[in-house]
There are 2 protein chains.
Amino acid sequence: MIGRLNHIAIAVPDLEAAARRYAGPLGAEISAPQALPEHGVTVVFVTLPNTKVELMQPLGEGSPVSAFLEKNPSGGMHHACYEVEDIIAARDRLVAEGARVLGGGEPKTGAHGKPVLFLHPKDFDGCLIELEQV
Amino acid sequence: MIGRLNHIAIAVPDLEAAARRYAGPLGAEISAPQALPEHGVTVVFVTLPNTKVELMQPLGEGSPVSAFLEKNPSGGMHHACYEVEDIIAARDRLVAEGARVLGGGEPKTGAHGKPVLFLHPKDFDGCLIELEQV
């Protein structure tokens with residue numbers, strides 16, 4: 001069911017400094033910062049040949065990344081996003097198998113303008129999983 | 001400099017249960033478990049179209065994953081591995097830019113039989129980065 005790894009997301013306390021590390025010592029191609037106020041984050045995309053890394057810094061009050069950074073002040077790997085063809089079918093299969101979908105279970109529009117869902121980390125070895133319909 | 005995301009690694013307390021979740025509800029292709037005693041882990045590879053996920057469970061005494069699981073008993077995302085063409089050149093560039101290489105700075109033979117290095121998570125936003133020469 002799950003397809004490509006669309007991206008991994010890393011929560012960072014200082015987006016400019018993080019972006020410099022990926023562009024400089026690691027020599028990767030990075031995007032300009034993009035504010036996504038409806039998602040409570042500012043992001044920089046690190047483009048790799050086969051996938052991408054999203055560096056995310058909280059934006060505004062109540063950012064979903066703020067609590068993570070309180071627990072992990074240096075930052076850390078926040079979630080992994082896998083692509084699915086049909087997010088409703090994916091959700092129904094997961095729920096039937098006992099997995100919990102965060103936030104009521106209805107897909108929302110993700111940072112890339114596509115339907116997304118998040119799965120409860122406790123059901124997947126402490127790993128927050130995002131599913132994105134592509 | 002960094003190329004493909006070779007894999008992400010997830011530390012799990014129960015490898016069989018974790019593998020079942022990726023094969024079942026998530027519907028991914030998984031490998032048989034492989035014991036890697038020289039690396040202190042047993043792994044299951046989740047094959048995705050563009051990269052892979054390594055589920056890792058501690059094997060034996062002094063596994064490098066044991067301390068992580070003590071801090072994160074449910075498991076969690078452990079590291080991200082990026083491919084490089086020349087691991088010595090990569091190391092020298094990183095060290096010149098002030099990044100710290102774990103374990104003395106000499107490449108070791110990784111789980112795939114290729115030279116690898118790990119970078120200090122404090123230098124990369126709390127994210128443990130593995131570099132693998134391909």
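Is R21(A) buried, exposed or partly exposed, and what is its relative accessibility? At 24% relative accessibility, R21(A) is partly exposed, where buried means under 20% relative accessible area, exposed means over 50%, and partly exposed lies in between (1.4 Å probe, protein chains only).

**View 1. The two chains of the predicted model, A and B.** A turn of 180° with a shift of 0.0 Å along the axis lays chain B on chain A with an RMSD of 0.0 Å, superposed by least squares on the C-alpha atoms of residues with pLDDT of at least 70 in both copies. This is the relation of a two-fold axis.

**View 2. A salt bridge between D125(B) and R21(A).** The closest approach is given as 2.6 Å, N to O, and a salt bridge is a side-chain nitrogen of Lys or Arg within 4 Å of a carboxyl oxygen of Asp or Glu. The pair crosses between chains, from the loop between β8 (115–119) and β9 (129–133) of chain B to helix α1 of chain A, with helices (H or I, at least four residues) and strands (E, at least two) taken as DSSP runs numbered from the N terminus. D125(B) is buried, at 3% relative accessible area.

**View 3. A salt bridge between E16(A) and R20(A).** These residues lie 4 apart in helix α1 (residues 15–23) of chain A, and are therefore separated by about one helical turn. E16(A) is exposed at 60%, and R20(A) is exposed at 54%.

**Sources.** Residues are numbered from 1 along each chain as its sequence is written, while chains are lettered from A and ligands numbered from 1 in the order written. In this predicted model local features need pLDDT of at least 70, side-chain atom pairs count only at pLDDT 80 or more, and totals for chains, interfaces and linings use all residues, while side-chain values use heavy atoms, leaving out hydrogens and water.
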